Amino acid sequence: MTTALDTDVRPEDRFISAFEVNHGQALNGTNASIAQQREDAIERFAQLGIPTNDLEAWKYTNISKTIDRPYTLSLSPEGPSLDPSDIAPFTIDEMDAHRVVLVNGHVDESLSDIGDLPSGVVLSSLAQAGEEHPDIVEEHYGQYADFEDEALTALNTAFVQDGAFIYVPSGTIVEKPIFFLHVTAGSEPLFLQPRHLFVVEDGAIAKVVEAQHSVTEAQTFTNTVSEAFVGERANLEHYLVQDEGANASQVHTRAGQQEDDSVYSTNTITFSGEVVRNNATIEVNGSFCESNLYGLCIGKDEMHVDNHTQMNHVQPDCSSNELYKHVLNDESTAVFNGKVLVTRGSQRIDAYQQNDTIVLTTDANIYTKPELEIYADDVVCSHGATTGQVDEEGVFYLRSRGLSERRAHILMLQAFTDEVLSEYRIDGLRNYITDKIRRRFGSYFE
């Protein structure tokens with residue numbers, strides 16, 4: 001089932017009307033509390049409205065213009081049928097993984113290859129989890145992604161139909177990465193709203209890789225919300241590869257909660273997209289935790305990529321590391337706004353935040369705003385930002401060793417990105433990303 005959004009009214013009213021008509025199309029297995037969340041969410045969305053440039057957090061990103069288009073809202077699992085050949089370019093053959101393919105936000109079992117999972121591990125669609133594991137879903141769903149202040153999170157919560165679900169029970173180690181391959185397909189403009197829930201219980205370890213691609217030339221908008229729970233002494237690594245093409249826009253919101261002695265790492269790389277907004281919020285709800293946020297944008301043409309992070313230290317004796325880098329070519333634009341909050345009583349926090357950008361043309365733009373908000377006195381916190389061009393002295397040195405000017409520039413850019421790439425702990429994924437970056441940089445200097 002699909003619903004065409006009425007273009008004769010405000011974008012907010014289009015979604016509100018669509019909800020009133022289709023609110024019965026809820027997540028399968030939805031219980032009363034989740035159904036109430038949907039009602040509360042659409043009410044809050046109506047109050048907040050779609051973000052505009054008048055809001056400080058959206059000052060440099062005009063998302064309302066991108067949303068104000070004649071999209072079709074997908075509200076059923078039926079969708080275009082893809083063949084293995086359609087997804088073959090995106091499967092990352094070097095990476096041995098448990099693979100789940102989602103087409104327009106819904107799991108396609110015929111294209112997935114989950115393989116053997118450790119005992120007790122659940123890897124499924126969120127809709128299926130709602131039916132088969134309602135207690136786990138109810139305990140964690142909607143608990144970490146706050147829609148009170150985020151309109152698009154509220155919109156996702158109101159319309160959620162399906163997405164990815166992971167449950168790793170206490171003490172379980174998932175040796176192979178869990179790979180979610182998201183593919184957008186179809187002939188008409190689509191507005192998609194997948195919802196993901198990752199639950200890694202006490203002492204468990206998992207690596208999650210998400211890759212977003214498209215096999216359609218139509219304009220699309222994907223409004224994704226991911227929630228992650230990382231239990232005591234647990235370790236979750238979450239990688240996101242964004243490469244849907246020039247006609248795809250998205251808002252991707254990630255919200256994670258950590259318990260005592262846990263490690264949670266996220267790493268996002270953006271290769272393409274018309275307008276891309278990434279929100280990442282980590283709530284450190286335990287002591288002796290480690291949190292890592294890494295990001296890389298390889299900009300070209302008129303790409304617009306906006307990374308917003310919120311690192312909340314609400315317990316003592318924790319550390320966080322945050323590093324985002326951009327390489328911007330042509331007329332591409334990047335925005336970085338990272339905030340570290342240290343609350344009263346959260347002593348002995350070690351927090352590091354850095355944003356570095358290389359601008360290759362006079363038409364490329366970077367807007368950066370690293371922030372610290374500290375209410376404790378026994379902390380070690382730092383932040384910074386740099387913007388510049390390729391180091392010509394370094395290029396001259398490489399050329400003096402016999403390299404061409406083109407090759408020297410490519411190597412300098414690769415060296416700049418290696419600090420983020422070194423945080424990729426999955427060899428096949430790191431090799432795949434490194435090769436894509438090398439080819440992109442090569443195209444810059446043809």
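User: What share of the chain's contacts with a separation of 6 or more comes from residues 24 or more positions apart?

Analyst: This is a predicted model: local features need pLDDT of at least 70, side-chain atom pairs count only at pLDDT 80 or more, and totals for chains, interfaces and linings use all residues. Residues are numbered from 1 along each chain as its sequence is written, and side-chain values use heavy atoms, with hydrogens and water left out. Contact means heavy atoms within 4.5 Å. Among contacts with a separation of 6 or more, residues 24 or more positions apart supply 84%.

User: How many helices and strands does the chain have, and what is its radius of gyration?

Analyst: Helices (H or I, at least four residues) and strands (E, at least two) are DSSP runs, numbered from the N terminus. The secondary structure comes to ten helices and 22 strands. The globule rule (2.2 Å times the number of residues to the power 0.38, set against a radius over C-alpha atoms) gives 22 Å for 446 residues, so the chain is as compact as a globular protein of that length, with a radius of gyration of 21 Å.

User: Is strand β6 mostly covered or mostly open?

Analyst: Take buried as under 20% relative accessible area, exposed as over 50% and partly exposed as in between (1.4 Å probe, protein chains only). Ala164, Ile166 and Val168 point one way from β6, Phe165 and Tyr167 the other, and all are buried. With five of its five residues buried, β6 (residues 164-168) is mostly covered.

User: Which residue of β9 stands opposite Ile166?

Analyst: Strands pair if DSSP finds at least two bridges between them. Four bridges join β6 to the antiparallel β5 (residues 122-125), where Leu123 stands opposite Ile166. Another strand, β9 (residues 195-200), runs parallel to β6 and is joined to it by four bridges. There, the residue opposite Ile166 is Phe198.

User: Which helix do the buried residues of α8 pack against?

Analyst: In α8 (residues 392-400), the buried residues are Gly394, Val395 and Leu398. They lie on the same side of α8 because their arc (directions from the helix axis to the C-beta atoms) is only 100 degrees. Glu393 and Phe396, on the other side, are exposed. The buried residues pack against α9 (405-421).

User: What phi does Gly402 take, just after α8?

Analyst: At the start of α8, a side-chain oxygen of Asp391 reaches to within 3.0 Å of the backbone nitrogen of Glu393. Just after the helix, Gly402 has a positive phi of about 100 degrees.

Technical notes. Polar contact = N/O pair within 3.5 Å; in protein donor to acceptor, adjacent residues only side chain to side chain.
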